[in-house]
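Hello,

Here is the structure we talked about. Please open it first, then read the notes below alongside it.

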Amino acid sequence: MITMLAKIFIKNRPAKEQRQAYGTLCSIVGICLNVCLFAGKYFAGMLSGSVAITADAFNNLSDAGSSFITLAGFLYAGKTPDSEHPFGHGRFEYVSGFVVAIAILMMGFELLKTSFSKILHPEAVDTSLLAMGILVCSILVKIYMYCYNHYIGKKLDSDAMQATAMDSLSDTIATSVVLAAMIIMRLTSINVDGFGGLLVAIFILYAGIKAVKDTMDPLLGKAPDQTFVREIRAIVMSHPKVHGIHDLIVHDYGPGRRMITLHLEVPGDEDVFQLHDMIDHIERELDQKLGCEAVIHMDPIETNNAAIAQMQQQVEQKVLEIDRRITIHDFRLINCDTHTSIAFDAVIPYGMRIRPEDLKEKIENKLQEIEGNYQFMIHVDQSYVPVD
């Protein structure tokens with residue numbers, strides 16, 4: 001059904017509008033299906049007198065509310081930038097996913113409380129064929145909702161839709177346990193409703209905690225994906241005049257709204273206008289291929305000075321003896337009357353737990369092994385992206 005509706009309403013939309021269109025379509029379908037499930041279960045619960053089915057009906061009504069929250073998230077996230085939010089509203093999609101995740105946790109805690117109550121005070125479970133038929137239909141619908149939300153969530157890389165998919169999967173398992181308890185009760189007269197609900201509550205709480213983490217991480221600012229970092233490096237380093245890249249930072253303002261800043265090492269004796277034109281070309285290439293706005297700083301370096309190249313190699317060897325992942329850049333030799341100053345930046349690799357001042361001290365001690373009258377000016381930076 002989603003595929004058919006997408007062909008009708010989304011097929012001819014521009015690529016930049018398809019994310020919001022898919023999110024809106026899936027959310028509206030979710031609202032309609034959950035409202036239908038609520039109406040059917042509520043009718044069956046009132047007709048048969050089943051408290052379990054009536055409770056499950058209101059659970060579907062809350063799911064309709066979750067789908068409405070997701071819909072609001074996609075619509076608001078798609079708003080164009082304004083004076084108060086110059087980078088757009090894309091992060092609101094993360095906020096809506098977080099709200100859905102909290103709703104999953106609340107449902108899990110409520111079911112946990114209800115399950116303990118049923119274990120201590122068992123209640124009769126309605127076992128009519130009508131009630132079981134309604135539950136089977138509900139399970140099939142929820143499986144379908146999980147499949148399309150999970151598929152579109154992966155297609156769009158949307159944490160909000162993945163949280164909604166997990167909510168549908170939780171409902172599927174919860175309703176399946178209610179159905180299994182009814183079948184066991186019908187065949188054996190043993191009431192296991194409370195114990196089944198306890199297992200479901202544990203599963204839902206686990207799913208809710210995972211959904212909270214997945215939606216909270218981009219709000220707090222998580223490290224960029226390694227594949228994305230490798231793609232940036234491959235594009236930048238494919239240009240012959242680029243000798244190195246460092247100080248790469250990825251800013252995430254919501255799905256499809258990434259900005260990156262980085263420094264490029266380029267030959268200091270090249271024409272500055274040609275280098276500027278190359279950097280403009282790299283920025284456009286990153287935007288076209290990766291969909292990210294780039295701001296690039298140019299760092300000129302000596303490329304034809306044998307003395308500097310030899311000294312840099314010695315320094316790099318000493319630094320690598322501390323940790324093979326440490327890199328250096330902006331290497332300079334400054335000849336003074338009484339000594340030679342060696343200046344460079346060292347980068348703490350991503351994930352390495354050491355204070356900048358401690359690493360600086362280690363490097364200074366290691367460089368004392370180099371013979372000669374040298375003074376070292378070392379600046380230590382922290383890498384904010386994962387490295388291979």
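**What was found**

Strand S5, helix H11 (residues 356–367) and strand S6 form a β-α-β unit that is right-handed. Please keep in mind that this is a predicted model.

The two strands of that unit are parallel: S5 (residues 340–348) and S6 (residues 374–382) are joined by nine bridges. Within this pairing, aspartate 345 lies opposite histidine 379 of S6.

As for the whole protein, its secondary structure consists of eleven helices and six strands. The C-alpha trace spans about 100 × 50 × 35 Å along the principal axes. Its radius of gyration is 29 Å, whereas a compact globule of 388 residues would have one near 21 Å. Of the 388 residues, 43% are buried. The exposed surface comes to about 20800 Å², and carbon and sulfur atoms supply 60% of it.

Now to the interior. The largest nonpolar core has 23 residues, and those touching the most other members are Ile232, Val236, Ile260, Leu262, Leu264, Ile282 and Leu286. Helix H8 (226–237), strands S1 (244–252), S2 (258–267) and S3 (292–301), and helix H9 (272–290) each give two or more residues to this core. H9 gives the most, with six residues.

Which residues does leucine 264 touch, leaving out those up to four places away in sequence? Among them are Val236, Ile245, Ile279, Ile282, Ile296 and Met298; the list also includes His297 and Asp299.

There is also a second, separate core of 20 residues, including Val315, Leu359, Phe376 and Ile378.

Regards

Notes
Residues are numbered from 1 along each chain as its sequence is written. This is a predicted model: local features need pLDDT of at least 70, side-chain atom pairs count only at pLDDT 80 or more; totals for chains, interfaces and linings use all residues. Side-chain values use heavy atoms; hydrogens and water are left out. Two strands pair if DSSP finds at least two bridges between them. Helices (H or I, at least four residues) and strands (E, at least two) are DSSP runs, numbered from the N terminus. A crossover is right-handed if, with the strands pointing away from the viewer, the path from the first strand over the helix to the second runs clockwise. The radius of gyration is taken over C-alpha atoms; the globule rule is 2.2 Å times the number of residues to the power 0.38. Buried means under 20% relative accessible area, exposed over 50%, partly exposed in between (1.4 Å probe, protein chains only). Accessible areas come from the Shrake-Rupley method with a 1.4 Å probe; for residues, only the protein chains shown count as cover. A nonpolar core is a set of buried Ala, Val, Leu, Ile, Met, Phe, Trp, Tyr and Cys residues joined through side-chain atoms within 4.5 Å. Contact means heavy atoms within 4.5 Å.
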